[in-house]
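Welcome, and please load the model in your viewer. We will go from stop to stop, with something to select at each one.

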Amino acid sequence: MLVVFEITKENFESECKNSSVPAVLDFWGPKCGPCMALMPKYHDLAEQPEYEGKIKFCSVDISKNRRVAMMVKPAVMSQPTFLFFKDGKEVARLGGSALTIEAIKTKVDEISDIR
């Protein structure tokens with residue numbers, strides 16, 4: 001079973017940018033309806049055995065860790081937003097209220113080389 005790592009300004013570099021495996025980072029807020037609808041699906045995706053050791057699933061509660069949203073360039077300005085990191089660089093970004101778990105899964109599969 002995989003874990004979704006909670007990201008703060010203190011661990012952003014080590015858990016996402018300097019991760020030995022690709023990382024996906026969910027920027028969400030507790031008052032964001034689309035965020036709350038996606039969250040259980042995102043956690044279910046993180047628990048899929050095919051991803052173990054191949055990708056790291058992370059999460060940022062923007063209401064508590066707004067600085068993390070400002071640390072990436074361009075800054076995260078809307079919720080939900082998902083950033084995808086590989087080899088220390090952001091390689092993709094998805095967001096918006098119409099975002100689906102299928103789109104997130106497709107990008108996860110691409111960056112983790114699972115197909």
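Does D87 count as buried or exposed? Select D87 and switch on a surface to see: D87 counts as exposed, because its relative accessibility is 71%. Keep in mind along the way that this is a predicted model. D87 sits in the loop that runs between β4 and β5. Its backbone is worth a look too, as D87 has a positive phi of about 55 degrees without being a glycine.

**Stop one: the sheet**

Now switch to a cartoon view and find the strands. Five of them form an open sheet with mixed pairing, in the order β1-β3-β2-β4-β5. At the edges are β1 (4-6) and β5 (89-95), each of which pairs on one side only. Follow the sheet across and you will see it twist, by an average of 25 degrees from one strand to the next.

As background, the strands of a sheet pair through backbone hydrogen bonds, and they may do so in a parallel or an antiparallel way. For an antiparallel example, select residues 23-28, which are β2, and residues 81-86, which are β4: five bridges link this pair. To pick out one bridge, select D26 and look across to its partner in β4, F82.

**Stop two: helix α2**

Select residues 33-46. This is helix α2, which lies across β1, β2, β3 (56-61) and β4 and runs at about 160 degrees to β2. The helix has 14 residues and spans 20 Å from its first C-alpha to its last, close to the 20 Å expected. Look along the helix for a kink of about 30 degrees at M39, shortly before the proline P40.

Which residues of α2 are buried? Select C35, L38, M39, Y42, L45 and A46 to see them. The buried residues of this helix pack against β1, β2, β3, β4 and α4.

**Stop three: helix α4**

Move on to residues 101-111, helix α4. It lies across β2, β3, β4 and β5, at about 10 degrees to β4. Show the side chains of K105 and D109, which meet in a salt bridge at 2.8 Å, N to O. Both lie in α4, four residues apart, or about one turn of the helix. In general, an α-helix has 3.6 residues a turn, so residues three or four places apart point the same way. K105 counts as partly exposed at 32% relative accessibility, while D109 is buried at 14%.

**Stop four: more salt bridges**

How many salt bridges does the structure hold? There are five, and here are two more to select. The side chains of E15 and K56 meet at 2.7 Å, N to O. E15 belongs to helix α1 (residues 12-17) and K56 to strand β3, so this pair ties together parts that are 41 residues apart in sequence. Both E15 and K56 are buried.

Next, select E90 and R93, whose salt bridge has an N to O distance of 2.9 Å. E90 is partly exposed at 30% relative accessibility, and R93 is partly exposed at 29%.

**Last stop: two cis peptide bonds**

Finish in the loop between α3 (66-71) and β4, where P74 is found. A cis peptide bond joins K73 to P74, with omega at about -5 degrees. P80 is also in the loop between α3 and β4. Zoom in on the bond from Q79 to P80, which is cis, with omega near -10 degrees.

Technical notes: Residues are numbered from 1 along each chain as its sequence is written. This is a predicted model: local features need pLDDT of at least 70, side-chain atom pairs count only at pLDDT 80 or more; totals for chains, interfaces and linings use all residues. Side-chain values use heavy atoms; hydrogens and water are left out. Two strands pair if DSSP finds at least two bridges between them. Axes are lines fitted to C-alpha atoms, for helices over the stretch in contact, and angles run from 0 to 180 degrees between N-to-C directions. Contact means heavy atoms within 4.5 Å. The expected span of a helix is 1.5 Å times one less than its number of residues. The bend at a residue is the angle between axes fitted to the seven residues ending there and the seven starting there. Buried means under 20% relative accessible area, exposed over 50%, partly exposed in between (1.4 Å probe, protein chains only). A salt bridge is a side-chain nitrogen of Lys or Arg within 4 Å of a carboxyl oxygen of Asp or Glu.
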